[in-house]
Amino acid sequence: MKTLFPALVALLALNLAPAVHAQEIVGDAAAGQKKNAMCIGCHGIVGYQASFPEIHKVPMIAGQNAKFIVSSLQAYKKGERKHPTMRGISETLSDQDMADLAAFYEAQGGPRTAVAAAPVKAPSAEVAELLKKGNCAACHGANFNQPIDGSYPKIAGQHADFLYVSLKAYKTEGNPLVGRSNAIMAAQAKPYSLAELKAIAGYLASLPGDLKTVAEPKFK
């Protein structure tokens, strides 16, 4: 896997070109707060669970990198990510809407958590080998909370079941409703068994990070 990494980075640069263009639009967090009515029903409820493609907690996006949020919404809009609900929502959004929402959710995380440069919890020998095999820290940072670029997500502390469902999606092919077609992550995820992906997800979820769900007042 490590010998493929430079080539994968080159592919990623090409894959992210449209998202980088979109991110040139400056997001307005205050405007994003006024546009998030379609988001708060899932991302504004602490512990909220989705039921498709299986039951799992919706991701925490408060504190996530704005650039990554934009690239994710663009991927849903283009059909590179196939989740029907998120595709339907993203198709209604302009590039400015995406930038505004991304700015809002990045700011909603508040001050960044003081996370150590290296993971405070060492993985098991098995998980350490799996992480090394995928060279995960090369993109997501040694503590998995400081990616090398804003177009990569923070994944430390994210819900384990969501991480697992997401990783499985990169292995899925030929399903019109489930799957993610990012070439880099597909190449990373496919060599792993489902049990191995679940072990990775469980470890990443146990780490401290910036991600959180900020409860929408009307849902408290």
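Reader: Which residues does Leu204 touch, leaving aside residues up to four places away in sequence?

Author: In this predicted model, Leu204 touches Phe144, Ile155, Ala156, Gly157 and Leu163.

Reader: How should one read such a cluster, and which residues have the most contacts inside the largest nonpolar core?

Author: In soluble globular proteins, nonpolar side chains tend to be buried together. Here the largest nonpolar core has 17 residues, and those with the most contacts inside it are Leu131, Phe144, Ile200, Tyr203, Leu204 and Leu207. Helices H8 (125-134), H10 (160-171) and H12 (194-205) each supply at least two residues of this core. H12 gives the most, with five residues. Another core, of 16 residues, lies apart from it and includes Met86, Leu101, Ala102 and Tyr105.

Reader: Is Gln158 buried or exposed?

Author: Burial is judged by relative accessible area, with the cut-off under 20%. Gln158 counts as buried because its relative accessibility is 4%. Its place is in the loop between helix H9 (137-140) and H10.

Reader: What does Gln158 touch, not counting residues up to four places away in sequence?

Author: Gln158 touches Pro59, Met60, Leu163, Ala205 and Leu211. A polar atom of the Gln158 side chain lies 3.0 Å from the backbone nitrogen of Met60.

Reader: Which helices do the buried residues of H7 pack against?

Author: The buried residues of H7 (95-108) pack against H3 (29-34), H4 (37-43), H5 (66-78) and H6 (84-90). Among these buried residues are Asp97, Asp100, Leu101 and Phe104. H7 has 14 residues and reaches 20 Å from its first C-alpha to its last, close to the 20 Å expected. Just after H7, Gly110 takes a positive phi of about 75°.

Technical notes:
Residues are numbered from 1 along each chain as its sequence is written. This is a predicted model: local features need pLDDT of at least 70, side-chain atom pairs count only at pLDDT 80 or more; totals for chains, interfaces and linings use all residues. Side-chain values use heavy atoms; hydrogens and water are left out. A nonpolar core is a set of buried Ala, Val, Leu, Ile, Met, Phe, Trp, Tyr and Cys residues joined through side-chain atoms within 4.5 Å. Buried means under 20% relative accessible area, exposed over 50%, partly exposed in between (1.4 Å probe, protein chains only). Helices (H or I, at least four residues) and strands (E, at least two) are DSSP runs, numbered from the N terminus. Contact means heavy atoms within 4.5 Å. A polar contact is a pair of N or O atoms within 3.5 Å; within protein, one must be able to donate a hydrogen and the other to accept it, and residues adjacent in sequence count only if both atoms are side-chain atoms. The expected span of a helix is 1.5 Å times one less than its number of residues.
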